[in-house]
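Trainee: I would like a close look at one part of this model, starting with its strands and moving on to what lies around them. Could you walk me through it slowly?

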Amino acid sequence: MSGTSRRPLVLDLDTGIDDALALAYALGSPEVELVAVICSYGNVAVDTAVRNTHALLELLGYPDIPVYRGTDRALSASAAFEPPEGVARIHGANGLGGQHIGCMCRRAPGDGVDFLVRSADAGTQASRDAHFDGKNDVKTGGARGSSFYYVPTGPLTNLASALVRAPELARTLPRVTFMGGALTVPGNVTPCAEANVHNDPEAADVVLRLGLPTRMIGLDVTHQVVLTREDTARWRALGTSAGVLFADMTDHYIDIYEQNNPHMGGCALHDPLAVAAAIDPSLVGCLGANLRVDLEGPTRGRTVCDPERLREAQKTCEVAVTVDAPRFLAEFRKRVGRVLGAPRAR
Ligand code: RIB
Ligand code: CA
């Protein structure tokens with residue numbers, strides 16, 4: 001740990017291509033210290049997500065950041081998740097656009113949901129300590145500090161499982177910025193459902209309805225931030241193995257966007273925007289809302305205002321509906337370029 005005032009950050013990734021970009025954004029952000037990554041299924045099976053995360057951290061020079069294995073399936077699923085063909089096409093069968101990264105792949109140190117519960121407990125205890133005697137830096141088996149950023153960019157199953165196990169977390173966890181959902185635009189899996197919510201609608205419903213403060217970075221804003229081949233060409237020109245690998249991997253993602261969403265002119269930066277908006281919420285403009293998720297019928301997976309909580313004055317979710325795309329893209333280029341241009345020496 002650095003001993004600086006950087007705020008601890010815990011990512012929760014289903015480590016495919018834009019999750020990898022989110023990881024690089026986090027490592028290139030001086031305001032935060034990435035203290036752990038929890039993995040989930042989604043773009044890949046959970047064990048592949050763990051493997052990809054280890055490999056990326058090694059490539060970028062951070063082999064010691066712990067990687068936790070989260071849940072392997074949705075709350076209502078009876079079998080571990082395996083990515084369907086369509087998902088494997090988007091992120092590549094290995095989740096990294098078919099790019100191979102060597103990996104020593106240490107064992108995951110433990111269970112991601114346990115880690116999350118411990119981190120939240122530690123944060124709460126540290127907040128009390130800070131209130132009573134000025135300490136705000138406890139060391140625990142979880143993320144340390146009075147307040148940490150937790151940013152899930154896959155299905156919300158790990159968070160929902162933690163909330164089910166320890167419901168008081170809805171009061172004690174700092175606001176959670178997550179990538180997922182779509183309020184004012186169509187979904188990207190069905191006309192109503194965005195992929196992360198589609199993968200576990202019940203989990204997203206638990207998270208949105210238990211009173212936890214959240215900030216939703218959904219397709220409303222992530223489809224407004226687009227990366228092009230000019231950017232990937234710049235990474236390739238850096239001449240580092242990380243720059244070349246990220247360029248090739250992201251070009252695969254852009255290929256798929258050119259087939260599925262040719263009007264966009266590049267690929268959406270879903271997961272990096274969530275990390276950026278957690279660190280600097282002024283990048284997005286939000287609408288306060290109490291959301292729920294449709295669980296039945298053709299709209300299953302839709303994030304929508306909860307009619308039963310429509311009149312409540314207090315809104316638990318800040319739904320991002322506008323984004324300062326030029327400012328975000330400038331930050332993205334600077335931060336990710338920094339990490340790819342000079343991976344930390346091991
Ligand atoms: O809908 C976009 C989201 O689904 C992103 O988090 C992407 O990585 C996939 O998980
Ligand atoms: Ca993701």
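Trainee: In which sense do strand β2 (residues 32–39) and β3 pair, parallel or antiparallel, and over how many bridges?

Mentor: Happy to! Please keep in mind that this is a predicted model. Strands β2 and β3 pair in the parallel sense, and three bridges connect them. To see one such pairing for yourself, find Ile 38, whose bridge partner in β3 is Tyr 68. As general background, strands of a sheet pair through backbone hydrogen bonds, either parallel or antiparallel.

Now step back to the sheet that holds this pair. It is an open sheet of four strands with parallel pairing, and reading across it gives the order β3-β2-β1-β4. The two edges are formed by β3 (67–69) and β4 (149–152), each of which pairs on one side only. Neighbouring strands here are turned by 20 degrees against each other on average, if direction is ignored.

What packs on this sheet? Helix α2 (residues 46–59) does, touching β1 (7–13), β2 and β3. The direction of α2 makes about 175 degrees with that of β3. Helix α12 (residues 270–279) also lies across part of the sheet, namely β1, β2 and β4, and runs at about 160 degrees to β4.

Helix α12 is a good one to follow, since it leads us to another sheet. There α12 lies across β5, β6, β9 and β12, running at about 165 degrees to β5. Those four strands form an open sheet in the order β5-β6-β12-β9, and the pairing is mixed. At the edges stand β5 (176–179) and β9, each with a single partner strand, so one side of each has no neighbour in the sheet. The twist from one strand to the next averages 30 degrees.

Let us see where "mixed" comes from by crossing that sheet pair by pair. Strands β5 and β6 are parallel and share four bridges; within this pair, Phe 178 has Met 216 of β6 as its bridge partner. Next, β6 (residues 214–217) runs parallel to β12 (residues 317–323), joined to it by three bridges. Here Arg 215 stands opposite Glu 318 in β12. Finally, β9 (residues 284–289) and β12 run antiparallel and are joined by six bridges. If you look at Ala 289, you will find that its bridge partner in β12 is Cys 317.

With the sheets in place, let us turn to a loop. Gly 154 is found between β4 and α5 (157–165). Its relative accessible area is 1%, which is why it counts as buried. Leaving aside neighbours within four places in sequence, Gly 154 is in contact with Asp 12, Asp 14, Ser 40, Met 179 and Asn 196. Here is a nice example of how a chain can bring separate stretches together: Gly 154 and Val 197 are 43 residues apart in sequence, while their C-alpha atoms are 8.3 Å apart in space.

Some of the residues that Gly 154 touches, including Asp 14, Met 179 and Asn 196, turn up again around ligand 1. Among the other residues surrounding this ligand are Asp 18, Asn 43, Thr 153, Glu 194, His 270 and Asp 271. Look at how oxygen atoms of the ligand meet the protein. A polar side-chain atom of Asp 18 lies 2.5 Å from one oxygen atom of ligand 1, and a polar side-chain atom of Asn 43 is 3.0 Å from an oxygen atom of the ligand. With Thr 153, a polar backbone atom is involved, at 2.9 Å from an oxygen atom of ligand 1. On its own, ligand 1 has 280 Å² of accessible area, and the protein covers 96% of that. The elements giving two or more residues to the shell are α1 (17–27), α7 (195–199) and our helix α12.

One last stop is Asp 294, in the loop between β10 (291–293) and β11 (303–305). Its relative accessibility is 6%, so Asp 294 counts as buried. The side chain of Asp 294 makes a polar contact of 2.8 Å with that of Arg 292, and another of 2.9 Å with the side chain of Arg 302. Not counting residues up to four places away in sequence, Asp 294 also touches others, among them Pro 201, Thr 299 and Val 304.

How values were computed. Residues numbered from 1 in each chain as written. Chains lettered and ligands numbered in written order. Predicted model: local features only at pLDDT ≥ 70, side-chain atom pairs only at ≥ 80, totals over all residues. Heavy atoms only, no water. Pairing = 2+ DSSP bridges. Axes fitted to C-alpha atoms, helices over the stretch in contact; angles between N-to-C directions. Contact = heavy atoms within 4.5 Å. Buried < 20%, exposed > 50% of the residue type's maximum accessible area, 1.4 Å probe, protein only. Polar contact = N/O pair within 3.5 Å; in protein donor to acceptor, adjacent residues only side chain to side chain. Near = heavy atom within 4 Å. Areas by Shrake-Rupley, 256 points an atom, 1.4 Å probe, with all protein chains shown as cover.
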